[in-house]
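Work through the exercises below with the sequence and the structure open. Each task is followed by a worked solution.

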Amino acid sequence: MDKLKGMLKPKPSPQEQLRDWQRQLRQECRNIERQIRDVQREEKSVHKAIREAAKRNDMGSAKTLAKEIVMSRKTVNRLHENKAQLNSISMHLGESVAIARTVGHLSKSAEVMKLVNNLMKAPEMALTMQEFSKEIIKAGVIEEFVTDAVDSALDSEDMEEETEEEVDKVLTEIAGETAAQLPEAARKERIVLPAQRASTSQEEEAIAEGADDEEELEELRARLAKVRS
């Protein structure tokens, strides 16, 4: 009986379909906004860690964290682009529905197809857009298509190509004069430059503190990677 009711259920109108699609798109935009806030909030902790590392002349750790900041900012920029494209899809779907009122059916939209295809290549949007595309393909708004394989190593490859200049720029921005005043060699490798020769006991304390710093560094990097994913 339930199956029969389902078969007899009237097909939703284009206007009803539009409301449902736009509701989904708004929800996804809210998810993106929340992810951006998470990344930016975690980034503040990394800023503090960079300044602390620079103060103790541990430019190796500071540089590693600066690279994390560069990655996070790329992620935030990409998320803003994703959100803009979701809003564009919503606008073009509205236009398609408006046309459907005149012609009596939904027509295919090359603009929507292009935007959906772009978003399906974004790692954080791929699964969501695959499901969404099934609905609008079924409704006749876009044609079925095969997306290019997403290179999962894209981000890591980009990071490998990051220039020293970009990282130094972040270091100077966050650590200020502390980083700028250090010799170039000190910025390029992890070295500790004590103001004066420490005693044996002070050196042992510094080693222990360094171990704690390494653990904190890894924890910060892990948290930042989690909110970016």
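**Exercise 1.** In which helix is the place of Arg73? Then describe the surroundings of Arg73 in this predicted model.

*Solution.*
Step 1. Arg73 lies in helix α3, which spans residues 59-103.
Step 2. Take its accessibility. The relative accessible area of Arg73 is 27%. Buried would need under 20% and exposed over 50%, so Arg73 is partly exposed.
Step 3. List its contacts, leaving aside neighbours within four places in sequence: Arg73 touches Glu43, His47, Val170 and Glu173.
Step 4. Check a C-alpha distance. Val39 is 34 residues from Arg73 along the chain, and their C-alpha atoms are 8.6 Å apart.

**Exercise 2.** Determine how helix α2 and helix α7 are arranged where their axes come within 9 Å.

*Solution.*
Step 1. Locate the helices: α2 covers residues 14-55 and α7 covers residues 164-175.
Step 2. Their axes cross at roughly 90°. Angles of 65 to 115 degrees count as roughly perpendicular, so α2 is roughly perpendicular to α7.
Step 3. Name the residues that make the contact. From α2 they are His47, Ile50, Arg51 and Ala54, and from α7 they are Leu171, Ile174 and Ala175.
Step 4. Sort these residues by type: 5 are nonpolar, 1 is polar and 1 is charged.

**Exercise 3.** Compare the span of α2 with the value expected at 1.5 Å a residue, then inspect what comes just after α2.

*Solution.*
Step 1. With 42 residues, α2 has an expected span of 62 Å.
Step 2. From first C-alpha to last, α2 reaches 61 Å, close to that expected value.
Step 3. Just after the helix, Asn57 has a positive phi of about 65°.

**Exercise 4.** Describe the largest nonpolar core and state which helices supply it.

*Solution.*
Step 1. The largest nonpolar core contains 29 residues. Ile89, Leu93, Met129, Ile136 and Val141 have the most contacts inside it.
Step 2. At least two residues of this core come from each of α2, α3, α4 (110-120) and α5 (126-138).
Step 3. Follow one member. Beyond its neighbours within four places in sequence, Ile136 is in contact with Trp21, Leu93, Val112, Val116, Val141 and Ile142.
Step 4. Another core lies apart from the largest one; it has 17 residues, including Val46, Ala49, Ile50 and Ala62.

**Exercise 5.** How many helices and strands are there in the chain, and what percentage of its residues is buried?

*Solution.*
Step 1. The chain has 10 helices and 0 strands.
Step 2. Of its 229 residues, 36% are buried.
Step 3. Among contacts between residues at least 6 apart in sequence, 80% join residues at least 24 apart.

Conventions
Residues numbered from 1 in each chain as written. Predicted model: local features only at pLDDT ≥ 70, side-chain atom pairs only at ≥ 80, totals over all residues. Heavy atoms only, no water. Axes fitted to C-alpha atoms, helices over the stretch in contact; angles between N-to-C directions. Helix = DSSP H or I, 4+ residues; strand = E, 2+ residues; numbered from the N terminus. Parallel < 35°, antiparallel > 145°, perpendicular 65-115°, else oblique. Contact = heavy atoms within 4.5 Å. Nonpolar A, V, L, I, M, F, W, Y, C, P; charged D, E, K, R; others polar. Core = buried A, V, L, I, M, F, W, Y, C linked by side-chain atoms within 4.5 Å. Buried < 20%, exposed > 50% of the residue type's maximum accessible area, 1.4 Å probe, protein only. Expected span 1.5 Å × (residues − 1).
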